[in-house]
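Biologist: Please take a close look at the ligand site in this model. After that, place it within the rest of the fold, residue by residue.

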Amino acid sequence: MEQFLAALRAASEATRLRILALLGKGELTVGELVDILEQSQPRVSRHLKLMGEAGILDRFQEGTQVFYRLADRGVGAALNTALLELVPEDDVTLRSDRRLLDNIRAERFAKAQDYFRANAAEWDQIRSLYVAEEEVEQALLEVQGGKPFARMLDVGTGTGRMLDVFSPLAAHAVGVDVSREMLAVARGNLAHKGLENCQVRQGDMYDLSVDDESQDLVLFHQVLHFADDPARALKEATRVLRSGGMLLIADFAPHKEEFLRDEQAHRRLGFADDEIAAMAMGAGLEQTDLRHLDGGKLRVTIWRFEKPVAGKE
Ligand SMILES: C[S@@+](CC[C@H](N)C(=O)[O-])C[C@H]1O[C@@H](n2cnc3c(N)ncnc32)[C@H](O)[C@@H]1O
């Protein structure tokens, strides 16, 4: 009761409702909120602090930037959902806030695309070495089974493409990446496509910073070859999977394209089927599917593992 009242009190003020309505469209930095709300930074920060303490917002730091987003669990999350349904969408102030938000997102998107373009040539070169990405995406959806689920984590999300692919099935999807530039690209893409059930945040495959047993699906799409300790990354993925949850890995089969190591920082030139299987089983998972996609110089392999349900044979 006390927690609920605190959350209600924290939301019941005009600027704070505006903040809730804005964050309902996606996470924002303090600076972005200051620009949209046209209030001083200390004032906006005070509101944010109060809302954070009351459990209706989450705060996270990425390098020098502090981001805010709606709480996604507990009383705060339930209250936010109810309030967002009730705020008058056609209110003049809220409409103007949304316009400013759209401008900020368009700027962000353009900036991120510049970075993406600057690196696109290298990515195109790699893509030309294997089957069309649409085929890999289709195969991943098939291997997953096309079943809706609550929570997923896309490790090494890059441009956020996998979030886009799986978002129709996920109630809530989070992409994690070490690179701030890639996160900017992903954020731009998610906002551009209006994928409100997806978020990205900075994080490391060895320390995903999410609760134990909290995810239905963890995905590594073309990421594990960057790992210097893939077995440790799979242990961390297993930790966050709920029992019965699924780990999907798509990566190259063993190959000899040394330029990927020299120029693209690939640590591993692909993985043998049983190498990944041994690592995943060492982490406590069971293999439930394996697929190969040929059609270029490099073979793409998809592995599916599941975390056993305790007590089940
Ligand atoms: C080939 S790219 C993106 C692939 C992406 N999953 C996709 O489907 O488009 C690989 C990504 O892994 C990220 N990465 C590399 N090492 C990482 C680590 N230790 N933790 C998290 N992400 C990492 C890179 O920043 C990069 O964005």
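Modeller: What follows starts at the ligand and then works outward through selected loops, strands and one helix.

The model is predicted, with local features requiring pLDDT of at least 70 and side-chain atom pairs pLDDT 80 or more, while totals for chains, interfaces and linings use all residues. Residues are numbered from 1 along each chain as its sequence is written, and side-chain values use heavy atoms, with hydrogens and water left out.

The ligand is surrounded by 15 residues (a heavy atom within 4 Å of the molecule). The closest of these are G156, D177, V178, M205 and H221. H221 contributes a side-chain N or O atom that lies 2.5 Å from an oxygen atom of the ligand. On the nitrogen side, a backbone N or O atom of V178 is 3.5 Å from a ligand nitrogen, and a side-chain N or O atom of D204 is 3.5 Å from a nitrogen atom of the ligand. On its own the ligand has 610 Å² of accessible area, of which the protein covers 80% (Shrake-Rupley method, 1.4 Å probe). The space that the ligand takes is the largest pocket. A pocket here is an open set of points, on a 1 Å grid over the protein atoms alone, where a 1.4 Å probe fits, with protein on both sides within 12 Å along at least five of seven lines; a molecule sits in it if more than half of its atoms lie within 2 Å of its grid points.

Two loop residues have an unusual backbone angle. Most residues other than glycine have a negative phi. Q222, not a glycine, has a positive phi of near 55 degrees. It lies in the loop between β7 and α10 (230-240); helices (H or I, at least four residues) and strands (E, at least two) are DSSP runs numbered from the N terminus. Q222 counts as buried because its relative accessibility is 13%; buried means under 20% relative accessible area, exposed over 50% and partly exposed in between, with a 1.4 Å probe and protein chains only. S209, also not a glycine, has a positive phi of about 50 degrees. S209 is in the loop between β6 (198-202) and β7 (215-221), and it is exposed because its relative accessible area is 56%.

Helix α10 comes next. Its buried residues are P230, A233, L234, E236, A237, T238 and V240. Their cover includes β4 (149-155), β7, β8 (241-252) and α12 (273-282).

H255 is placed in the loop between β8 and α11 (258-264). With a relative accessibility of 12%, H255 counts as buried. A polar atom of the H255 side chain is 3.1 Å from the backbone nitrogen of E257. Beyond four places in sequence, H255 is in contact (heavy atoms within 4.5 Å) with L260, L269, G270 and L298.

T301 belongs to strand β10 (residues 300-306). T301 is buried because its relative accessible area is 0%. Apart from neighbours within four places, its contacts are I249, A250, D251, A253, D273, L290, R291 and H292.

A171 offers a contrast in strand β5 (residues 170-177): its relative accessible area is 54%, therefore it counts as exposed. Not counting residues up to four places away, A171 touches F149, A150 and N197. N197 is 26 residues from A171 along the chain, and their C-alpha atoms are separated by 6.4 Å.

R69 is in strand β3 (residues 65-70) and is buried, with a relative accessible area of 7%. Its side chain makes a polar contact of 3.5 Å with that of E27; such a contact is a pair of N or O atoms within 3.5 Å, and within protein one must be able to donate a hydrogen and the other to accept it, with residues adjacent in sequence counting only if both atoms are side-chain atoms. Leaving aside neighbours within four places, R69 contacts L23, E27, L57, D58, F60, Q199 and R201. By C-alpha atoms, R69 and A272 are separated by 40 Å, with their positions 203 residues apart along the chain.

L28 lies in strand β1 (residues 28-29) and counts as buried at 1% relative accessibility. L28 and Y68 are 40 residues apart in sequence, with 5.5 Å from C-alpha to C-alpha. Y68 is one of the contacts of L28 beyond four places, together with L22, L23, L33, I36, V66, F67, L101 and R108.

Terms used. 1 Å grid on protein atoms, 1.4 Å probe; cavity = no way out; pocket = protein on both sides within 12 Å on 5 of 7 lines; lining within 4 Å.
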